[in-house]
Amino acid sequence: MTDTVQQALKLMAIALPTMFLVIFLFIGATALLNRLFPFKGE
Amino acid sequence: MDELLVGIVNLTWKHVVMWVVAGILIYLAIRHDYEPLLLLPIGFGALLTNIPFSSAVGPDGFLTRLLEFGIYSELFPVLIFIAIGAMCDFSPLIRRPIAMLFGAAAQFGIFATIVIAAMLGFSLKQAAAIGIIGAADGPTTIYVATRFAQDMLGPLTVAAYSYMALVPIIQPPIIKLLTSKKERLIRMEYEEQEPISKTALVLFPIMITMIAGIIAPISVALIGSLMFGNLIKVSGVVERLSNAAQNELANLVTLLLGITIGSTMSAEKFLIPEVGIVLGLGLVAFIFDTAGGVLFAKAVNLVLKKKINPMIGACGISAFPMSGRVVAKMALAEDPTNFIIMHAIGVNVAGQICSVVAGGVVLALVI
C-alpha cells in the first residue's frame, strides 16, 4: 500500500466522523432553534 | 499572407478532437437540455481556446484574464454560492433537521473516490479534487479544484456538471439494485406542519455559518457565502438584493464561469489519459454517493418503528432538485399514489449543505 493510499484512508477515517459531528451539531442547533422560536402566527 | 494562414498551418488533430468535444457539450446542452446554463458556455469556451493562436486565451486573452480574476481567486464559485443561497429554501430542513444525516451519508462517494484515485496513482491533493466531484455541486468542485488541482479544473468541472445532468440515468439503476420492491413501496405520510418562525429562518444561516466556521475556518468562504445569500432572502428587508442575487448575479457569474472553465480545456491539458480516468472516477463518486445514501437509510430503518422509504437516502447528493424529483418519480412509478416528493426534496436540500460541509472538511484536512 502506497503512502498516498494510506493518507487517503486516514483522511476518510477522520473526515467522515468529523462531517457527521458537524451535521449532528447542525441538527441539535436547528432543533433548539425550533424549540426556542416556534411559529406564533406572525 | 502567412499571417492569415497561421491558424490553418498550426491546426492539429488534437484541436479537431477538442472541437468535437466542445460540439458534444453544446449539443447535449441544446438538444437534450443537459445543464445548458453551464455546458453551453463551457462548450463554447472550449471551442475558443482550441483555435490555434486564439486571441481569447494567452497573456492578453480575455478568457485567461477571467480565469485569473474569477476562478484562481475563487471569486466566481463564492459569488455563485451567494446566488444559490438566495434561491434556497431551507424550511423543509429546519422543520426536519434529521434529514441532514442522509445528506451526510450520501457524501460517502467523495471519500471512497479519494481512496480509489489514490490507488490509481494520483497525489492526495489530486485525489481530493477528483473525489469532490461526488459533492455533486459545481461551485464546491471548482473551489476545491482551484486549491488542489488547477491543471484538472476543466475536466473536473465538466465531470461534475455532466454527471449532475445525468442523475436521472445514473441513480435509478443503483437505487433499484440496492432496494427491494417492498422497500420502494414504503409510504411516507406528509403531515401538514406548522410554518417556521421568521426568527428561526433568520437565525438558521447565521448559526450554520458559525458552527461550520468554528470547526473548519477554511470552509467559511463556501458555507458563509451560501448562507449569506440565504440570509438576504429570508430577512425580507433587502428584497432588491435578494432578487439581484437570484437573477442578475446568478446569470452573470454563471455565464462567465462556464465560458472561463471551458477555456481551461485546451487540447494539451484535456487529451491525456488522466482525463479519461478523472471522468470515470467522477461517475464512481456519484455511484458511491447514491449507494451510501440508500444503504444508510436502510440501516436507519433497522431501528425505526415507522419505516422510511430508503430511496430518499439517494437524494442526499447535492444535485438539487433533480435527485429529489428522480426519487419521487421512482416512488410514483412503483405506486401511483405514493407521494414522497416533500421528503425527497427535504433530503435533497440537506445534501446541498452537507456537500459544502464535506468540501470544507476535505479542504481542512488535506494540506
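B:Gly134 is found in the loop between helix 9 and helix 10 of chain B. Helices here are DSSP runs of H or I with at least four residues, strands are runs of E with at least two, and both are numbered from the N terminus. This is a predicted model, in which local features need pLDDT of at least 70, side-chain atom pairs count only at pLDDT 80 or more, and totals for chains, interfaces and linings use all residues. Residues are numbered from 1 along each chain as its sequence is written, while chains are lettered from A and ligands numbered from 1 in the order in which they are written.

B:Gly134 counts as buried because it has 34 C-beta neighbours inside 10 Å. A residue is buried if 20 or more other C-beta atoms lie within 10 Å of its own, exposed if 12 or fewer, and partly exposed in between, with C-beta atoms placed from the backbone. Apart from neighbours within four places in sequence, B:Gly134 is in contact with B:Gln107, B:Gly109, B:Ile110, B:Thr113, B:Ala285, B:Phe286, B:Phe288 and B:Asp289. Two residues are in contact if their C-beta atoms, placed from the backbone, lie within 7 Å. From B:Gly134 to B:Leu67 the C-alpha distance is 24 Å, with their positions 67 residues apart in sequence.

The two helices beside this loop pack together. Helix 9 (residues 124-131) and helix 10 (residues 138-148) of chain B meet at an angle of about 170°, and their axes are 9 Å apart. Axes are lines fitted to C-alpha atoms, for helices over the stretch in contact, and angles run from 0 to 180 degrees between N-to-C directions. Helix 9 and helix 10 of chain B are therefore roughly antiparallel, a word used for angles over 145 degrees. On the side of helix 9 of chain B the contact is made by B:Lys125, B:Gln126, B:Ala128 and B:Ala129, and on the side of helix 10 of chain B by B:Val144, B:Ala145 and B:Phe148. Helix 10 of chain B is mostly covered, with nine of its 11 residues buried. Among them are B:Gly138, B:Pro139 and B:Tyr143.

B:Leu67 belongs to another helix contact, in which B:Leu63, B:Leu66, B:Leu67, B:Gly70 and B:Ile71 in helix 4 of chain B meet B:Leu256, B:Ile259 and B:Thr260 in helix 16 of chain B. Helix 4 (residues 62-72) and helix 16 (residues 239-262) of chain B pack at about 115°, with axes 9 Å apart.

The two chains can be set side by side.

| Chain | Helices and strands | Box of C-alpha atoms along the principal axes |
|---|---|---|
| Chain A | one helix, zero strands | roughly 60 × 15 × 5 Å |
| Chain B | 20 helices, zero strands | roughly 80 × 45 × 40 Å |

Of the 42 residues of chain A, 26% count as buried. For chain B, 56% of the 367 residues count as buried. Within chain B, residues 24 or more positions apart account for 74% of the contacts with a separation of 6 or more. The radius of gyration of chain B is 21 Å, which agrees with the value near 21 Å for a compact globule with 367 residues. The radius is taken over C-alpha atoms, and the globule rule is 2.2 Å times the number of residues to the power 0.38.

The contact between the chains takes 28 residues from chain A and 36 residues from chain B.

Notes. Angles under 35 degrees count as roughly parallel, over 145 as roughly antiparallel, 65 to 115 as roughly perpendicular and the rest as oblique.
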